[in-house]
Amino acid sequence: MMIKRIFNLIFIVNVLLFSHNALSLTPTFHMGQEINFGSIVLSTGSCSMIPTTGALTSHVGQFICEFQAGSQYGSYTITANPNKIIQVKMTPDLDNGSGYIFNPRASMFSDVASKVVHNNTDFVEINSGSSGIVNIYLGGELTVYSLPSAGQTINFSFDAAIEWNEID
């Protein structure tokens, strides 16, 4: 009888220990809304977007963004396993001959931590917390250094420039 109880206890402990791996999920990345600076003045100059509100402010040189004319901050969500370290890196769109430079600013939040990312091309770590959800709000500085032609639209997709992974 005692051996049967010990065997049952060992079985239950093994199920509890190994079920954690069976219940883990594959982390995912979701874009809620893409960053958009809205309409800009046909000039060289820059503007800055606050990541948590989307508010536009002057940065360096002439202010080229029209206040709140269609602007919105970017929002992204990483759904990971609870209480894991998530590494996030945001690659700036530097001078590639396009006439503009974008330097990202981001605020990241989980239910246990928050981080601000600015002028950093290295991975930044954040704990996914008990929910496993990390929200990323994206703003940054947009600088136009080459006069765009009339009617030109500057488009860039930033979700591909966000690198991330879950650390075991």
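Start by selecting Cys-47 and Cys-65: a disulfide joins them, with the sulfurs 1.8 Å apart. Keep in mind as you click around that this is a predicted model. You won't need to hunt for others, as the structure holds 1 disulfide. Colour by strand and you'll see Cys-47 in strand 2, while Cys-65 sits in the loop between strand 3 (56-57) and strand 4 (74-79), so the bond ties together parts that are 18 residues apart in sequence. Now switch on a surface. Cys-47 has 0% relative accessibility and counts as buried. Cys-65, at 3%, counts as buried too.

Next stop, the charged pair. Select Glu-141 and Arg-105, which form a salt bridge whose closest N and O atoms are 2.6 Å apart. This contact links distant parts of the chain: Glu-141 belongs to strand 9 (residues 133-144) and Arg-105 to strand 6 (residues 100-109), with their positions 36 residues apart. The count for the model is 1 salt bridge. With the surface still on, check each partner: is Glu-141 buried or exposed? Glu-141 counts as buried because its relative accessibility is 4%, under the 20% cut-off. Arg-105, at 30%, counts as partly exposed.

Now for the rings. The structure holds 5 aromatic pairs. Go to Phe-37 and Phe-102 and measure between ring centres: you should get 5.9 Å, with the planes at 75°, so this pair is edge-to-face. Phe-37 lies in the loop between strand 1 (28-33) and strand 2 (45-49), and Phe-102 lies in strand 6, so the pair ties together parts that are 65 residues apart in sequence. Both Phe-37 and Phe-102 are buried.

Then move along to Phe-109 and Tyr-137. Their ring centres are 5.9 Å apart and their planes meet at 55°, so this pair is tilted; the angle falls short of the edge-to-face class because that label needs over 60 degrees. Phe-109 is in strand 6 and Tyr-137 in strand 9, so the pair ties together parts that are 28 residues apart in sequence. On the surface, Phe-109 shows a relative accessible area of 33% and is partly exposed. Tyr-137, at 24%, counts as partly exposed as well.

For the last selection, pick Phe-29, Tyr-76 and Trp-164 together. Ring pairs link these three residues into a cluster.

Before you close the viewer, try showing strands 6 and 9 on their own. The salt bridge between Arg-105 and Glu-141 runs from strand 6 to strand 9, and the Phe-109 and Tyr-137 ring pair also has one partner in strand 6 and one in strand 9.

Terms used:
Residues numbered from 1 in each chain as written. Predicted model: local features only at pLDDT ≥ 70, side-chain atom pairs only at ≥ 80, totals over all residues. Heavy atoms only, no water. Salt bridge = Lys/Arg side-chain N within 4 Å of Asp/Glu carboxyl O. Helix = DSSP H or I, 4+ residues; strand = E, 2+ residues; numbered from the N terminus. Buried < 20%, exposed > 50% of the residue type's maximum accessible area, 1.4 Å probe, protein only. Phe/Tyr/Trp six-rings, centres within 6.5 Å; stacked < 30°, edge-to-face > 60°. Disulfide = S-S within 2.5 Å.
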